[in-house]
Amino acid sequence: MKKVITPKTFPKYKPGHPLLADLPEFLKNPANYEKIRRLILESIATSCTHSYILEFAKCRSCTEKMLERRALLKRLGFRSPKQFLMWRKVHEKIKERYPLVDWKVINDLRRKEEKNDVSSNY
Ligand SMILES: [Zn+2]
């Protein structure tokens, strides 16, 4: 049977990945990635070394750390673990593809350009 193609066949175009589209700007900015990544890593660091996942699940301090991490992700603006994983994947890809780019410099340049654009309009 042939499928009938209607405008509904094609989802509406939205810039960016739908899962990441509603992330706050500071999470999208590659200049902030390392800082945020470290913050999240520090939030789960414990002195425990569990060799079995079952021990980890039973450990009180590890469980608390996990809850803390979940709360931190929420505070940062992540909506779901899936969104967080996707965010990490995208930023790792950016890092891999542009290892020499200093995003802070790029941001400063962009800001300067925007300012110049605005002042030249008046
Ligand atoms: Zn533990």
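Biologist: Hi! Of the twelve residues of H2, how many are buried?

Modeller: Hello! The number is zero, so H2 lies largely in the open. Keep in mind that this is a predicted model.

Biologist: Good to know. What span should H2 have, and what does the model show?

Modeller: At 1.5 Å a residue, its twelve residues should span 16 Å. The end C-alpha atoms of H2 are 17 Å apart, which agrees.

Biologist: Let me step back a bit. How many helices and strands does the protein have?

Modeller: There are six helices and zero strands. Read from the N terminus, the order is α-α-α-α-α-α.

Biologist: And what share of the protein's residues count as buried?

Modeller: Just 3% of the 122 residues count as buried.

Biologist: Back to H2, then. At what angle do H2 and H4 pack?

Modeller: Helix H2, residues 33-44, packs with helix H4, residues 60-76, at an angle of about 155 degrees. Their axes are 8 Å apart. An angle over 145 degrees counts as roughly antiparallel, so that is how H2 and H4 run relative to each other.

Biologist: Is the crossing left-handed or right-handed?

Modeller: H2 and H4 make a right-handed crossing.

Biologist: Which residues make the contact?

Modeller: On H2, look for Ile36, Ile40, Ser43 and Ile44. H4 brings Lys65, Glu68, Arg69, Leu72 and Leu76.

Biologist: How does that contact break down by class?

Modeller: The contact of H2 with H4 has five nonpolar residues, one polar and three charged.

Biologist: Now H4 itself. How many of its 17 residues are buried?

Modeller: Zero, so H4 also lies largely in the open. As for its length, 17 residues at 1.5 Å each should span 24 Å, and the end C-alpha atoms of H4 are 24 Å apart, which agrees.

Biologist: What happens just after H4?

Modeller: You come to Gly77, which takes a positive phi of about 115 degrees.

Biologist: New topic: where is Ser47?

Modeller: Ser47 sits in the loop between H2 and helix H3, which covers 53-58.

Biologist: Is Ser47 buried or exposed?

Modeller: Ser47 has 5 other C-beta atoms within 10 Å. A residue with 12 or fewer counts as exposed, so Ser47 is exposed.

Biologist: How far apart are the C-alpha atoms of Ser47 and Cys62?

Modeller: They are separated by 9.4 Å, and the two residues are 15 apart along the chain.

Biologist: Last one: what share of contacts join residues at least 24 apart?

Modeller: Among contacts between residues at least 6 apart in sequence, it is 67%.

Technical notes:
Residues numbered from 1 in each chain as written. Predicted model: local features only at pLDDT ≥ 70, side-chain atom pairs only at ≥ 80, totals over all residues. Axes fitted to C-alpha atoms, helices over the stretch in contact; angles between N-to-C directions. Helix = DSSP H or I, 4+ residues; strand = E, 2+ residues; numbered from the N terminus. Parallel < 35°, antiparallel > 145°, perpendicular 65-115°, else oblique. Left-handed = near helix turned anticlockwise from the far one by under 90°. Contact = placed C-beta atoms within 7 Å. Nonpolar A, V, L, I, M, F, W, Y, C, P; charged D, E, K, R; others polar. Expected span 1.5 Å × (residues − 1). Buried ≥ 20, exposed ≤ 12 C-beta atoms within 10 Å, placed from the backbone.
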